Amino acid sequence: MKKIIIANWKMNPQSAKEAERLFRAVAQGIRGVKNVDVIIAPPFVYLESLNAISYKLQVHFGAQDCFWEDRGAYTGEISPVTLKTLGVRYVIVGHSERRAHLGETDEMINKKIKAALKAGLIPVVCIGERERNHLEDTLLFLKGQLKKDFDGIKPSAAKKIIVAYEPIWAIGTGKAENSDDAQKIAVYIKRVLQELLNAKAALAIRIIYGGSVSAKNAASFVKGGVRGMEGLLVGGASLQADEFVKIVRSVALQK
Ligand code: PEP
């Protein structure tokens, strides 16, 4: 199975010109890479213009959020159906920055996952603990998030869902999770998904890691094959084309 690397550009860059420059540099740098799916998640406003220049390039598009209704009086929100028409395949749902700054709850995230699936998008469901004391506490916390986020999700939807484990203490801090614990957590998440859905569905859901991923540590997270992380969600490092290309290429070398 191909590894997945998602570039979460967050609220960057500040102009369409810079976005185009970054996009072209990344697309150029990953030319010829075969066994990794690269997904760029820029701010909504760049999706259309970047898609227009993506012809024949090896990238897919993701959005950083969507609303849970298809249309209507929801000022400022973006419909998953609209994203689909713009060539978007993936949508990040429940990022910790949205949970923290915009008050997104697991109930809202659950509705967004369902709306994304209905629109034919692949939701990338972000979960992760605020701080790490004991690994057991983290596992229990993740189980609680998964229970609420996956409430009412059918096992048949599993192959269209990605779970991103993103410990909040690791996001943007330069302190990434260690790869051994990341592997244990990937296995645990699969076990919880098996309880919530079923064994086949749990196997089909891909688990990826995010939090201070760099060219130095990227490969260590995806080494475990199906027992480990199956890809990465990259924030800060995805804004530097050279660094991001190195991340993609180092993951592409892993079996
Ligand atoms: C993120 O915000 O999704 C993220 C992983 O950020 P960073 O890589 O900067 O830690």
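The crossing of helix 1 and helix 10 is right-handed, and that's a handy spot to start looking around this predicted model. From there, we can move to the barrel: eight strands close up in the order 1-2-3-4-5-6-7-8, with parallel pairing. The twist averages 25° from one strand to the next. Below is a quick tour, topic by topic.

**Helix 1 and helix 10**

- Helix 1 covers residues 16–29 and helix 10 covers residues 241–252; they pack at an angle of about 30°, and their axes sit 9 Å apart.
- Angles under 35 degrees count as roughly parallel, so helix 1 and helix 10 are roughly parallel to each other.
- Which residues meet here? Helix 1 brings L22, A25, V26 and G29, while helix 10 brings A241, F244, V245 and R249.
- Sort the contact of helix 1 with helix 10 by class and you get six nonpolar, one polar and one charged residues.

**Helix 5 and helix 6**

- Helix 5 (residues 106–118) packs against helix 6 (residues 135–149) at an angle of about 50°, with 8 Å between their axes.
- How do they lie relative to each other, then? That angle makes helix 5 oblique to helix 6.
- On the helix 5 side, the contact uses D106, E107, I109, N110 and I113; on the helix 6 side, look for Q145, K148 and D149.
- By class, the contact of helix 5 with helix 6 has two nonpolar, two polar and four charged residues.
- Helix 5 has strands to deal with as well: it lies across strand 4 (88–93) and strand 5 (122–127), and runs at about 160° to strand 5.

**Going round the barrel: strands 1, 2 and 3**

- Strand 1 and strand 2 (residues 36–41) run parallel and are joined by six bridges.
- Want a landmark for that pairing? Find I4, whose bridge partner in strand 2 is D37.
- Next door, strand 2 and strand 3 also run parallel, with two bridges joining them.
- Here you can look for I39, whose bridge partner in strand 3 is H60.

**Where the barrel closes: strand 8**

- How many bridges link strand 1 (residues 3–8) and strand 8? There are four, and the two strands pair in the parallel sense.
- In that pairing, I5 stands opposite L232 of strand 8.
- On to strand 7 (residues 206–210): this strand pairs with strand 8 in the parallel sense too, over two bridges.
- One spot to check is G210, which has L233 as its bridge partner in strand 8.
- Are the faces of strand 8 (residues 231–234) covered or not? Both faces are covered, with G231 and L233 buried on one side and L232 and V234 buried on the other.

**A closer look at strand 3 and A63**

- In strand 3, H60 and G62 point one way and F61 and A63 point the other way, and all of them are buried.
- A63 belongs to strand 3, which spans residues 60–63.
- Is A63 buried or exposed? Its relative accessible area is 0%, so A63 is buried.
- Leaving out residues up to four places away in sequence, A63 touches A41, F44, L83, V88, Y90, V91 and I92.
- E48 is 15 residues from A63 along the chain, and the C-alpha atoms of the two are separated by 11 Å.

**Unusual backbone spots**

- Why single these out? Most peptide bonds are trans, and most residues other than glycine have a negative phi.
- The peptide bond from N12 to P13 is cis, with omega near -15°.
- You'll find P13 in the loop between strand 1 and helix 1.
- K56 isn't a glycine, yet its phi is positive, near 70°.
- K56 sits in the loop between helix 2 (47–52) and strand 3, and with a relative accessible area of 72%, K56 is exposed.
- S212 is another residue other than glycine with a positive phi, this time near 55°.
- Look for S212 in the loop between strand 7 and helix 9 (218–221).
- Is S212 buried or exposed? Buried means under 20% relative accessible area, and S212 comes in at 18%, so S212 is buried.

Conventions
Residues are numbered from 1 along each chain as its sequence is written. This is a predicted model: local features need pLDDT of at least 70, side-chain atom pairs count only at pLDDT 80 or more; totals for chains, interfaces and linings use all residues. Side-chain values use heavy atoms; hydrogens and water are left out. Buried means under 20% relative accessible area, exposed over 50%, partly exposed in between (1.4 Å probe, protein chains only). Two strands pair if DSSP finds at least two bridges between them. Axes are lines fitted to C-alpha atoms, for helices over the stretch in contact, and angles run from 0 to 180 degrees between N-to-C directions. Angles under 35 degrees count as roughly parallel, over 145 as roughly antiparallel, 65 to 115 as roughly perpendicular and the rest as oblique. A crossing is left-handed if the near helix is turned anticlockwise from the far one by less than a right angle, and right-handed if clockwise. Contact means heavy atoms within 4.5 Å. Ala, Val, Leu, Ile, Met, Phe, Trp, Tyr, Cys and Pro count as nonpolar, Asp, Glu, Lys and Arg as charged, and the others, Gly among them, as polar.
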